[in-house]
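Good morning, and thank you for coming. Please look at the structure on the screen, and then I shall describe the ligand and the pockets.

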Amino acid sequence: MKGPFVIAVDGPAASGKGTIATGLGKAFDLPVLDTGLLYRAVGVLTARAGGLGDPETCAAAAATLTADQLSDPALRTREAGELASQVAVHPHVRSALLEFQRTFASQEQGSVLDGRDIGTVICPQAPAKLYVTASPQVRAQRRWRQLKAQGEPVSLDEVLADIHIRDARDGGRDDAPMRPAPDAVLLDTSEMTIEQAADAARRIVEAARARWDGS
Ligand code: CDP
């Protein structure tokens, strides 16, 4: 029996995957889960409690996380992204967040999840998988503009350095490293505006949807 129509959108920091996932949710009328927010929330909550260095404390925060803890604007900061990638290396944090993500993905109407390991670990059976990339320079520019609009005083060089550190940590960890699923469609958005990227993603998913409808 075929499962729900799940769209997995993975990729590195500031590749455009969040905007693309939101656009796909609108285009296909599906609920969207930004899984990065889960890791950001665990990072911020454990840092506030002074337990960041302890994997057990991080895992406990992950196990008790609720949806209403995901709307805190503090989760959108540069610091929260860094804290997220630190707690995301712990296997117990990842396993504690697995059920939350799988429950979301099991909705009958279908769903869109964006993250790092959706196509490889969380929903390997997803009928539509995208891996969104862009060059580190382009991603740094995008993230720098975003942070500036949020009022965060940070230089472009600092943001580029953050991107390199996060790419290395997310791609180098032992548990669920960031990488494209073998059957993911790669979408390099370096030379695209965000509208062009969202359009390209929609066309890829339309093709996947047609295959899924006919299966
Ligand atoms: O928005 P941005 O791409 O910068 O980050 P995010 O998607 O909010 O994710 C923040 C961090 O959480 C990432 O750098 C990863 O370390 C971690 N993460 C993960 O390990 N697995 C996911 N499915 C989503 C995020």
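I begin with R166, where a polar side-chain atom lies 2.7 Å from an oxygen atom of the ligand; a polar contact here is a pair of N or O atoms within 3.5 Å. Before I continue, please note that this is a predicted model, in which local features need pLDDT of at least 70 and side-chain atom pairs count only at pLDDT 80 or more, while totals for chains, interfaces and linings use all residues. Residues are numbered from 1 along each chain as its sequence is written, and side-chain values use heavy atoms, with hydrogens and water left out.

R40 also approaches the ligand, with an N or O atom of its side chain 2.6 Å from a ligand oxygen atom. At T35, a polar side-chain atom lies 2.9 Å from a nitrogen atom of the ligand. How much of the ligand does the protein bury? Taken alone, the ligand exposes 530 Å², and the protein buries 96% of that, by the Shrake-Rupley method with a 1.4 Å probe.

Around the ligand there are 18 residues, and K17, R40, R143, R166 and D170 come nearest; a residue counts as near if one of its heavy atoms lies within 4 Å. By type, this shell holds nine charged, five nonpolar and four polar residues. Two or more residues each come from α2 (36-48), α4 (78-87) and α8 (156-172), helices being DSSP runs of H or I with at least four residues and strands runs of E with at least two. The largest share, three residues, belongs to α2.

Where does the ligand sit? The ligand occupies the largest pocket, since more than half of its atoms lie within 2 Å of the pocket's grid points. A pocket is an open set of points on a 1 Å grid over the protein atoms alone, where a 1.4 Å probe fits, with protein on both sides within 12 Å along at least five of seven lines; lining residues have an atom within 4 Å of a point.

This largest pocket contains about 950 Å³ of space. Its lining has 43 residues, with A14, K17, R40, R143 and Q146 nearest the centre. α8 gives the most to that lining, six residues.

Finally, the second largest pocket holds about 240 Å³. Its lining numbers 14 residues, including P4 and C123.

Definitions and conventions: A polar contact is a pair of N or O atoms within 3.5 Å; within protein, one must be able to donate a hydrogen and the other to accept it, and residues adjacent in sequence count only if both atoms are side-chain atoms. Ala, Val, Leu, Ile, Met, Phe, Trp, Tyr, Cys and Pro count as nonpolar, Asp, Glu, Lys and Arg as charged, and the others, Gly among them, as polar. Grid points are joined across faces, edges and corners, and a volume is the space filled by probe spheres set on the points.
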